[in-house]
Amino acid sequence: AVVLAAVWGSFFNVCIARVPQHESIVRPGSRCPHCRAPLRAFDNVPLLSYLILRGRCRACGAPISPRYPLVELLAALLAAALWWKFVTADPDQATAVRLARFACYFAFAGVLLVLSFIDLATKLLPDLSTLPAIPIFFLSVFGAHGAGWLARLIGAAAGYLFFRLISDFYFYVLKREGLGLGDGKLLALIGAVLGWRALPFVVFVGAIVGALLS
């Protein structure tokens with residue numbers, strides 16, 4: 001799970017780099033962002049290639065952002081934690097259910113990881129990532145035996161409306177933009193997966209972490 005997650009982390013990096021630029025995440029293949037030279041397979045091994053190349057492109061020698069191995073490492077660590085939580089530590093559940101829960105929540109964590117790094121780089125949460133993810137994850141959680149459908153439906157609606165009300169208050173009452181609606185769509189995604197009961201904790205911790213980063 002950890003090895004496969006690191007490979008997915010490499011794909012997450014592609015999404016982080018290309019989605020804000022409205023580029024295809026499928027074609028062309030991985031390439032150096034400086035000289036645009038295609039990466040050979042042995043230069044695209046998660047974590048190891050960065051260490052072997054000492055953080056530089058083989059073709060042009062330009063530095064490679066440390067974000068690439070960081071995202072791959074975070075994906076691997078998240079997979080390890082999720083495997084322990086949903087597979088190893090819950091032996092009473094059927095194997096298919098445990099694997100379904102792991103797959104669902106790792107995909108969810110992957111989307112949050114991609115959105116976090118896009119947000120850090122651009123201060124935007126692209127609709128291309130958030131909007132399709134809401135119905136996809138709402139349906140997928142049925143196979144993960146997570147929160148009930150009604151709690152998740154309420155969570156998706158409440159998550160969006162909470163931030164929409166704040167945004168409209170700033171815009172119509174204070175006459176300035178105070179909060180982007182990307183936050184509301186992100187919270188709707190979180191509510192669609194975890195249910196409405198998770199939202200107060202998510203908003204509180206998100207506000208604290210956001211304040212510390214800013």
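Here are a few questions and answers on the core and pockets of this predicted model.

Q: What makes the 41 residues of the largest nonpolar core one core?
A: A core is a set of buried nonpolar residues joined through side-chain atoms within 4.5 Å, and buried means under 20% relative accessible area. The largest such set here has 41 residues, so they count as one core. Those with the most contacts inside it include F12, L82, Y105 and F137. Two or more residues each come from α1, α3, α4, α5, α6 and α7, and α4 gives the largest share, twelve.

Q: Why is L82 said to be in contact with F102?
A: Contact means heavy atoms within 4.5 Å, and L82 and F102 are listed as a contact, so they meet that cut-off. Leaving aside neighbours within four places in sequence, L82 also touches V87, Y105, F106 and A109.

Q: What makes the space of about 1,500 Å³ a pocket?
A: A pocket is an open set of points, whereas in a cavity the probe cannot get out. This space is classed as a pocket, therefore it is open. Closest to its centre are D119, L125, D183, L186 and G206. The largest share of the lining, ten residues, comes from α8.

Q: How do you know which classes line the largest pocket?
A: Each lining residue is sorted by type, with Gly among the polar ones. That gives 26 nonpolar, eight polar and four charged residues.

Q: What lines the second largest pocket?
A: Its lining divides into 14 nonpolar, six polar and eight charged residues. α1 gives the most, five residues, and S30, R31, P33, L39 and Y68 lie closest to the centre.

Conventions. Residues are numbered from 1 along each chain as its sequence is written. This is a predicted model: local features need pLDDT of at least 70, side-chain atom pairs count only at pLDDT 80 or more; totals for chains, interfaces and linings use all residues. Side-chain values use heavy atoms; hydrogens and water are left out. Buried means under 20% relative accessible area, exposed over 50%, partly exposed in between (1.4 Å probe, protein chains only). Helices (H or I, at least four residues) and strands (E, at least two) are DSSP runs, numbered from the N terminus. On a 1 Å grid over the protein atoms alone, a cavity is a set of points where a 1.4 Å probe fits but cannot get out, and a pocket is an open set with protein on both sides within 12 Å along at least five of seven lines; lining residues have an atom within 4 Å of a point. Grid points are joined across faces, edges and corners, and a volume is the space filled by probe spheres set on the points.
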